[in-house]
Amino acid sequence: MQDTDLALLIDRFMRRIHFGLQSKAHAYATARVGPGGGIVLLTLSEMGCPSLHDLTRRVARDKSQMTRTIRSLEAKGLVQRQTSPQDARVSLISLTEDGKQVVQGLQRAVADTIGEILAPLSETDEEALRHLLAKALGDP
């Protein structure tokens, strides 16, 4: 059985993050990647050098949408595509140095936004939350 109250709290938390990031967009949107591009860049920073297929699946987009996003990010010099050495039919996507700098800005904006939301928590509360989130996400 699902806990509706917990689900609604998590939904409110996610919306606060979303709105907080929107309010900071002017400060970190210098590369003009948009929310979808930002999600792709942040996901690439976690995944390393995934195939286009794996990246598409991770961010739950359709292939044509992802192809357009990757082309846009390539044109801005933020990602690069290379052929897989194991399978010439597979494109691998990675961040460029400029892309890594944009990701650092995005990560700072996310950290600032979440820091503002979590400000009422003690260090002990934050550590407990960190542990629970890592557990829920399957991180070690």
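**Exercise 1.** In this predicted model, determine which residue just after helix 4 takes a positive phi.

*Solution.* The residue is G77, whose phi is about 75°.

**Exercise 2.** Compare the expected span of helix 4 with the distance between its end C-alpha atoms.

*Solution.* Step 1: helix 4 covers residues 63–75, which are 13 residues. Step 2: the expected span is 1.5 Å times one less than the number of residues, and for helix 4 this should come to 18 Å. Step 3: the end C-alpha atoms of helix 4 are 18 Å apart, in agreement with the expected span.

**Exercise 3.** Establish how the buried residues of helix 4 are arranged about its axis, and state what covers them.

*Solution.* Step 1: the buried residues of helix 4 are M66, T67, T69, I70 and L73. Step 2: viewed down the helix axis, these residues fall within an arc of 165°, and therefore they line one face of helix 4. Step 3: the face turned away from the buried side carries the exposed residues R68, R71 and A75. Step 4: the cover over the buried residues includes helix 2 (34–47), helix 3 (52–58), strand 1 and strand 2.

**Exercise 4.** Is S84 buried or exposed, and which residues does S84 touch?

*Solution.* Step 1: S84 lies in the loop between strand 1 (79–83) and strand 2 (91–95). Step 2: buried means under 20% relative accessible area; S84 has 9%, so S84 is buried. Step 3: leaving aside residues up to four places away in sequence, S84 touches V90 and L92.

Definitions and conventions:
Residues are numbered from 1 along each chain as its sequence is written. This is a predicted model: local features need pLDDT of at least 70, side-chain atom pairs count only at pLDDT 80 or more; totals for chains, interfaces and linings use all residues. Side-chain values use heavy atoms; hydrogens and water are left out. Helices (H or I, at least four residues) and strands (E, at least two) are DSSP runs, numbered from the N terminus. Buried means under 20% relative accessible area, exposed over 50%, partly exposed in between (1.4 Å probe, protein chains only). Contact means heavy atoms within 4.5 Å. The arc is that of the directions from the helix axis to the C-beta atoms.
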